[in-house]
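Hi,

Here is the structure I promised to pass along. Have a look at it first, and my notes follow underneath.

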Amino acid sequence: MEHQLKVVVRLDIDQNSARLDVTGCLTDANYKALFPIIRRAASLVNGLGVVVDLKHARHIDSDGLARLTEHCAGISASEPKETVSVDVPAVRPECHALTHNLEGAVA
């Protein structure tokens with residue numbers, strides 16, 4: 001199964017913030033694709049308040065999430081006027097294809 005990121009960028013010009021709504025699959029192989037989108041969104045709102053919202057993602061890989069969070073923390077630390085945060089659901093969704101394959105293997 002191929003994992004793809006699906007991202008919608010929402011800009012709130014009044015509050016100088018941007019939100020990246022991710023509804024696809026975040027993996028260790030594709031998390032870097034968010035970097036230029038984060039940079040561009042930050043530039044559109046003068047570098048203030050970017051949120052990467054993973055609450056509606058179909059699948060969140062642990063390694064991809066760790067590296068994305070690390071990258072966002074690095075931006076916030078190196079650019080004090082920029083705040084980049086990651087919103088994650090309380091329970092991370094697992095890949096449906098992997099879960100389905102495991103169930104088929106057991107049967």
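Tyrosine 31 is a good place to begin: in this predicted model, its relative accessibility is 9%, so it counts as buried, the cut-off being under 20%. Phenylalanine 35 has a relative accessible area of 15%, and therefore it is buried too. These two residues, tyrosine 31 and phenylalanine 35, make an edge-to-face aromatic pair, with 5.6 Å from centre to centre and 70 degrees between the planes. The structure holds 1 such pair.

Now for the nonpolar core. The largest one has 21 residues, and the members that touch the most others are Leu26, Leu34, Ile38, Val52, Leu54 and Leu68. Two or more residues each come from β2 (17–22), α1 (34–44), β4 (50–53) and α2 (62–78). Helix α1 gives the largest share, 5 residues. In soluble globular proteins, nonpolar side chains tend to be buried together.

If you want one residue to click on, try isoleucine 38. Leaving aside residues up to four places away in sequence, isoleucine 38 touches Leu20, Val50, Val52, Leu68, Cys72, Ile75 and Val84.

As for the whole chain, there are 3 helices and 6 strands, arranged along the sequence as β-β-β-α-β-β-α-β-α. Of its 107 residues, 33% count as buried. Among contacts between residues at least 6 apart in sequence, 67% link residues at least 24 apart. The chain exposes about 6,600 Å², and carbon and sulfur atoms supply 52% of that area.

Happy browsing, and best wishes!

Terms used:
Residues are numbered from 1 along each chain as its sequence is written. This is a predicted model: local features need pLDDT of at least 70, side-chain atom pairs count only at pLDDT 80 or more; totals for chains, interfaces and linings use all residues. Side-chain values use heavy atoms; hydrogens and water are left out. Helices (H or I, at least four residues) and strands (E, at least two) are DSSP runs, numbered from the N terminus. Buried means under 20% relative accessible area, exposed over 50%, partly exposed in between (1.4 Å probe, protein chains only). Contact means heavy atoms within 4.5 Å. Accessible areas come from the Shrake-Rupley method with a 1.4 Å probe; for residues, only the protein chains shown count as cover. A nonpolar core is a set of buried Ala, Val, Leu, Ile, Met, Phe, Trp, Tyr and Cys residues joined through side-chain atoms within 4.5 Å. Rings of Phe, Tyr and Trp (its six-membered ring) pair if their centres lie within 6.5 Å; planes under 30 degrees apart count as stacked, over 60 as edge-to-face and the rest as tilted.
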